[in-house]
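Trainee: Got a minute? I'd like to walk through this structure with you, strand by strand.

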Amino acid sequence: MKLFENFSLKDLNTFHIDVKAKRFILVEKIDELFDLKDSFDLPSEKILILGGGSNVLFTKDFDSTIIQLSFNQLSEINSDKNFVLLKAEAGMVWDDLVKSTVENNLGGIENLAMIPGTVGAAPIQNIGAYGQELKDTLYEVEFYDLTERKIKSFSNEQCQFGYRDSVFKKSLKNKFIITSITLRLYKNPVPVLNYGNVATELSKEGIANPTIKDVSNIIRKIRTEKLPDPQKIGNAGSFFKNPFVDEKTLLQIKNNFPDVPSFLQENKIKIPAAWLIEKSGLKGFRKGNVGTYPKQPLVIVNYEDATGAEIIDFAKFIQKTVLETFNIELEPEVNII
Ligand SMILES: Cc1cc2nc3c(=O)[nH]c(=O)nc-3n(C[C@H](O)[C@H](O)[C@H](O)COP(=O)(O)OP(=O)(O)OC[C@H]3O[C@@H](n4cnc5c(N)ncnc54)[C@H](O)[C@@H]3O)c2cc1C
């Protein structure tokens with residue numbers, strides 16, 4: 001375990017916000033979690049677990065303790081004719097896990113290629129992209145319970161997954177540290193092609209019977225073209241969730257915009273927030289150091305050295321404009337700290 005005081009977080013969040021943590025603890029082994037109680041008063045002291053910092057927006061210095069995990073082992077724990085149970089520790093880079101499963105032709109997370117961040121953060125918002133979500137393959141989550149100070153595990157069902165949601169954002173919020181996840185992956189995978197322009201891009205490349213590796217590679221290509229690289233332009237991916245609307249609202253929007261895109265998820269109607277922002281006239285809109293990314297307006301970018309407060313102001317302006325235009329409230333997907 002390593003402990004730092006007055007620690008800069010600028011390189012530890014993908015918005016590159018220049019803030020400091022009063023205390024920063026790097027936990028290098030699972031067993032060290034049991035020693036944390038000697039470092040501070042658990043669970044009453046406010047702490048933050050930081051993964052890759054790709055889904056957080058810091059608005060000020062963090063006046064307490066931040067914990068980051070670096071243990072990152074991967075192990076096969078069981079296997080039969082059809083499935084493999086693969087356990088990955090929380091500090092592993094998510095995309096390294098995707099690459100490893102794809103190389104071994106184990107299906108289930110290949111469409112989640114290039115999502116930044118760590119394995120430990122993946123269950124928090126049930127990461128999803130291109131027709132796959134973590135919940136489709138997640139078998140078990142292990143976590144350190146900060147109140148009872150012991151390791152516990154939750155099944156898929158106990159995680160209460162929903163769209164960018166889980167029990168870890170609700171009743172368990174701030175009461176746990178995820179230490180590992182176990183995935184149940186397919187040995188004979190069937191590629192998921194029915195989302196966005198995956199099938200079209202594959203046929204452009206002349207790939208008629210794609211493997212999961214082909215699908216993963218094409219998604220990498222699409223994402224590279226469409227999304228800003230956080231190393232070059234600060235951002236945290238989609239800033240807002242796609243809103244669910246009722247049928248009446250959808251019909252009202254259709255009166256003015258007959259081509260409004262919508263799709264069903266969890267038996268509810270979802271409208272792409274990117275479309276709402278674009279039709280509100282804010283695609284590529286920039287105010288000072290902050291803007292919406294011209295190729296994907298759902299992504300708010302930090303062009304220069306914006307503060308967290310500037311980004312919040314900008315996000316509020318987007319919410320207000322979309323509300324005035326469509327009477328729909330956009331809810332942030334990013335965790336505002
Ligand atoms: C360019 C870009 C593209 C993106 N695309 C997608 C996408 O397609 N789909 C998608 O779902 N997301 C996407 N994201 C968002 C982000 O990558 C994911 O939410 C990712 O899972 C965050 O991982 P992280 O390790 O960076 O988490 P952090 O940002 O460090 O933390 C996020 C939250 O999880 C908590 N947390 C982190 N680790 C732990 C742990 N071990 N135990 C307990 N709590 C923990 C934090 O306290 C915080 O509340 C994108 C982000 C970027 C920058």
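Mentor: Sure. One definition before we look at hairpins: two strands pair if DSSP finds at least two bridges between them. Also keep in mind that this is a predicted model.

Trainee: OK, so which residue takes a positive phi in the hairpin of β10 and β11?
Mentor: That's R149, with a phi near 55°. The hairpin has four residues between the strands.

Trainee: And how do β10 and β11 run, and over how many bridges?
Mentor: They run antiparallel, joined by six bridges. If you want a spot to look at, E142 stands opposite S153 in β11.

Trainee: What does β10 pair with besides that?
Mentor: With β12, which covers residues 176–186. Those two are antiparallel over seven bridges, and F176 in β12 is the bridge partner of D145.

Trainee: Is β10 mostly covered or mostly open?
Mentor: Mostly covered. The strand spans residues 138–145, and six of its eight residues are buried.

Trainee: Back to D145, then. Buried or exposed, and why?
Mentor: Buried, because its relative accessibility is 8% and the cut-off for buried is under 20%. D145 lies in β10, by the way.

Trainee: What does the D145 side chain sit across from?
Mentor: A polar atom of that side chain lies 3.0 Å from the backbone nitrogen of E148. Leaving out residues up to four places away in sequence, D145 touches K150, K152 and K175.

Trainee: Let's zoom out. What's the strand order in the five-stranded open sheet?
Mentor: β6-β7-β12-β10-β11, with antiparallel pairing. The edge strands are β6 (74–79) and β11, each pairing on one side only. On average, neighbouring strands in that sheet are turned by 20° against each other, if you ignore direction.

Trainee: How many bridges join β7 to β12?
Mentor: Seven, and the two strands run antiparallel. β7 is residues 83–89. One pair to find there is L86 with its bridge partner L183 in β12.

Trainee: Changing topic: the ligand. Which residues are closest to it?
Mentor: I49, G51, S54, N55 and T118 are the closest, out of 33 residues that surround the ligand.

Trainee: Where are the polar contacts?
Mentor: Here are a few to click on. A polar backbone atom of G51 is 2.7 Å from an oxygen atom of the ligand. N55 also puts a backbone N or O atom 2.7 Å from a ligand oxygen. Then there's I178, where a polar backbone atom is 2.9 Å from a nitrogen atom of the ligand.

Trainee: How much of the ligand does the protein bury?
Mentor: 93% of the 980 Å² that the ligand exposes when taken alone.

Trainee: Which elements give two or more residues to that shell?
Mentor: β3 (47–49), β8 (128–129), β12 and β13 (234–238). You've met β12 already: it pairs with β10.

Trainee: What about the four-stranded open sheet, what's the order there?
Mentor: β1-β2-β5-β3, and the pairing is mixed. β1 (2–8) and β3 stand at the edges with a single partner strand each, so one side of each has no neighbour in the sheet. The average turn between neighbouring strands here is 25°, direction ignored.

Trainee: In what sense do β2 and β5 pair?
Mentor: Parallel, over six bridges. β2 is residues 20–27 and β5 is residues 62–69. A21 stands opposite F62 in β5, if you want to check the register.

Trainee: Last stop, β17 and β18. Which residue has the positive phi in their hairpin?
Mentor: G288, near 60°, in a hairpin with two residues between the strands. β17 (residues 286–287) and β18 (residues 290–293) pair in the antiparallel sense over two bridges. In β18, G291 is the bridge partner of R286.

Trainee: And after β18, what comes next in the pairing?
Mentor: β18 pairs with β19, residues 296–302, in the antiparallel sense over four bridges. A hairpin joins them through two residues, and Y293 stands opposite Q296 in β19.

Trainee: Great, I'll go and look at those on screen.

Definitions and conventions:
Residues are numbered from 1 along each chain as its sequence is written. This is a predicted model: local features need pLDDT of at least 70, side-chain atom pairs count only at pLDDT 80 or more; totals for chains, interfaces and linings use all residues. Side-chain values use heavy atoms; hydrogens and water are left out. Buried means under 20% relative accessible area, exposed over 50%, partly exposed in between (1.4 Å probe, protein chains only). Axes are lines fitted to C-alpha atoms, for helices over the stretch in contact, and angles run from 0 to 180 degrees between N-to-C directions. A polar contact is a pair of N or O atoms within 3.5 Å; within protein, one must be able to donate a hydrogen and the other to accept it, and residues adjacent in sequence count only if both atoms are side-chain atoms. Contact means heavy atoms within 4.5 Å. A residue is near a molecule or strand if one of its heavy atoms lies within 4 Å of it. Accessible areas come from the Shrake-Rupley method with a 1.4 Å probe; for residues, only the protein chains shown count as cover.
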